[in-house]
Amino acid sequence: MSKVIKVGMADLNICKAPDVITTLGLGSCIGLVFYDPVTKVGGMVHYMLPDSTKVRNNSNIAKFADTGINELLRRVVAAGANKRRLVAKIAGGAKMFEVSGLSEVGNIGARNAEAAKAILKQLGIRLVAEETGLNYGRTVELHCETGEFHIKSVGKPLKII
Amino acid sequence: MGNMTLEDVNSMYLDVLKEIGNIGAGNATSAIAGMLGIKVDMNVPNVRLMEVSQLGMAVGAEDETIVGIFLEVENDIEGSMMFLLDIPSAWYLVNKLMMTDRGPETPFGEMELSALKEIGNIIAGSYLSALSSLTKLVILPSVPYIAVDMAASILSVPAIQFGQFGDNALLIQTEICADVAINGYFILMPEQESYEKILSALGISV
């Protein structure tokens, strides 16, 4: 029997086949998963902000893209994933409210998605799929048996990337 | 100064916010009563600080669909505020306003969404005017924006706002009583400097 591991907001965890790791209702946050298709080890971080160095109160490392993605990498490698085989997928980064102008609320989702790309590039890990932006929330699941990343949204069909 | 975070906010400040909420609720009640033509009571049973990471679960299940109405505020106080309603409550208010009788399973159309924006606008505006008159600060709300989506997705917006300067968020729960009880939540998100302004305008030192 496979079990489902739940990741909260500003949280991260690892997962091995046949288990599934999920986070509910991503809005402007990003859900980033790593997956090693050979050992079938994966993990997910649900971060809220792009950069820990811009914030004074930054003790929760899973809250930020930079510290969260690096910690997730450390954890999946420790659990048996090979860094060279790792692939990444991301979802979220929505603009939940059609706020006009260039306010923080309006562009934080896009900035969160950009942060993931920049950090993955630095780490040399391939981003193989993404489903980001637009104006709706997403519940995501990484199925460690297959590496499939399932995305569910209100009033939309299931999307698998 | 300049380093104050929500963690430092004391219980006296929470009591003051609760009182502002009560006065705001009073204002909103008259406004809604006028608009809907029904007698309503509204009170603020609960003001609490909660961890940002728990905010997604504050109003029910994380993947439950809810209505969120968002406004930016500016002038003496910079920041934003949000008003949240569950779907049955939202339909109840829309039906009262539009004199329709439609069910909670139906998606909201353009007309219903703009009715909800207006309701959110009135409720949020009443709260802000209470805050404004007590603090003598000028607080101007923007037009309202609306989203109908999973609770955690909508709440990611205030969570991120609060998350930039601390690990706690301030949630004000409201109850509107008409023929049925309606549960709504306010989330007030002043930017960091604005907290100090609110506190000192209220004569509180932390």
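Here is a walk through a predicted model with chains A and B, from the make-up of chain A to its contact with chain B.

**Chain A as a whole**

Chain A holds 10 strands and 2 helices. In sequence order they read β-β-β-β-β-α-β-α-β-β-β-β. The radius of gyration is 15 Å, close to the 15 Å from the globule rule for 161 residues, so chain A is as compact as a globular protein of that length. If you want a box for it, the C-alpha atoms take up roughly 45 × 35 × 25 Å along the principal axes.

Burial comes out at 49% of the 161 residues of chain A. Contacts in this chain also reach across the sequence: of those with a separation of 6 or more, 62% link residues 24 or more positions apart.

**The open sheet**

Five of the strands of chain A make an open sheet with mixed pairing, ordered S2-S5-S4-S6-S7. The edge positions go to S2 (11-16) and S7 (126-132) of chain A; each has a single partner strand, so one side of each has no neighbour in the sheet. From one strand to the next, the twist averages 15 degrees.

At the S7 end, S7(A) pairs with S6(A), residues 87-92, in the parallel sense, and 6 bridges hold the register. To find your place there, look for Lys89(A), which sits opposite Ala129(A) of S7(A).

Helix H1(A), residues 65-78, lies across S2, S4 (30-36) and S5 (41-47) of chain A. Its direction makes an angle of about 165 degrees with S5(A).

**S8, S9 and S10**

Further along chain A come strands that pair antiparallel. S9(A) is involved in both pairings tabulated here.

| Strand pair | Bridges | Opposite residues | Residues between strands | Glycine with positive phi |
|---|---|---|---|---|
| S8(A) and S9(A) | 5 bridges | Leu142(A) and Phe149(A) | 4 residues | Gly147(A), about 80 degrees |
| S9(A) and S10(A) | 2 bridges | His150(A) and Ile160(A) | 6 residues | Gly155(A), near 70 degrees |

Both rows are hairpins. S8(A) spans residues 138-143, S9(A) spans 148-152, and S10(A) is residues 159-160.

Which residues of S9(A) are on its covered face, and which on its uncovered one? Phe149(A) and Ile151(A) make up the covered face, while Glu148(A), His150(A) and Lys152(A) are on the uncovered one. So the two residues from the table split up: Phe149(A), opposite Leu142(A), is on the covered face, and His150(A), the bridge partner of Ile160(A), is on the uncovered face.

**Backbone oddities**

A few backbone angles deserve a look. The Ala17(A)-Pro18(A) peptide bond is cis, its omega being near 5 degrees; Pro18(A) belongs to the loop that joins S2 and S3 of chain A.

Lys40(A), in the loop between S4 and S5 of chain A, is not a glycine, yet its phi is positive, near 55 degrees. With 19 other C-beta atoms within 10 Å, Lys40(A) counts as partly exposed, because buried starts at 20.

Over in chain B, Met99(B) is another non-glycine with a positive phi, about 55 degrees. It belongs to the loop between H2 (87-98) and H3 (110-135) of chain B. Is Met99(B) buried or exposed? It is exposed, because 8 other C-beta atoms lie within 10 Å and the exposed class covers 12 or fewer.

**The core and the chain contact**

In soluble globular proteins, nonpolar side chains tend to be buried together. Here the largest nonpolar core has 113 residues, and Tyr47(A), Ala116(A) and Ile187(B) have the most contacts inside it. H3(B) supplies the largest share, 9 residues. Leaving out residues up to four places away in sequence, Ile187(B) touches Met81(B), Met82(B), Pro158(B), Ala169(B), Leu170(B) and Leu171(B).

How many residues does each chain put into the contact? Chain A brings 29 and chain B brings 27. On the chain A side, the elements giving two or more residues are S3 (20-26) and H2 (104-123), and S3(A) gives the most, with 3 residues. By class, that side has 16 nonpolar, 9 polar and 4 charged residues.

Conventions: Residues are numbered from 1 along each chain as its sequence is written. Chains are lettered from A and ligands numbered from 1 in the order in which they are written. Two residues are in contact if their C-beta atoms, placed from the backbone, lie within 7 Å. Ala, Val, Leu, Ile, Met, Phe, Trp, Tyr, Cys and Pro count as nonpolar, Asp, Glu, Lys and Arg as charged, and the others, Gly among them, as polar. Two strands pair if DSSP finds at least two bridges between them. Axes are lines fitted to C-alpha atoms, for helices over the stretch in contact, and angles run from 0 to 180 degrees between N-to-C directions. A nonpolar core is a set of buried Ala, Val, Leu, Ile, Met, Phe, Trp, Tyr and Cys residues joined through C-beta atoms within 7 Å. The radius of gyration is taken over C-alpha atoms; the globule rule is 2.2 Å times the number of residues to the power 0.38.
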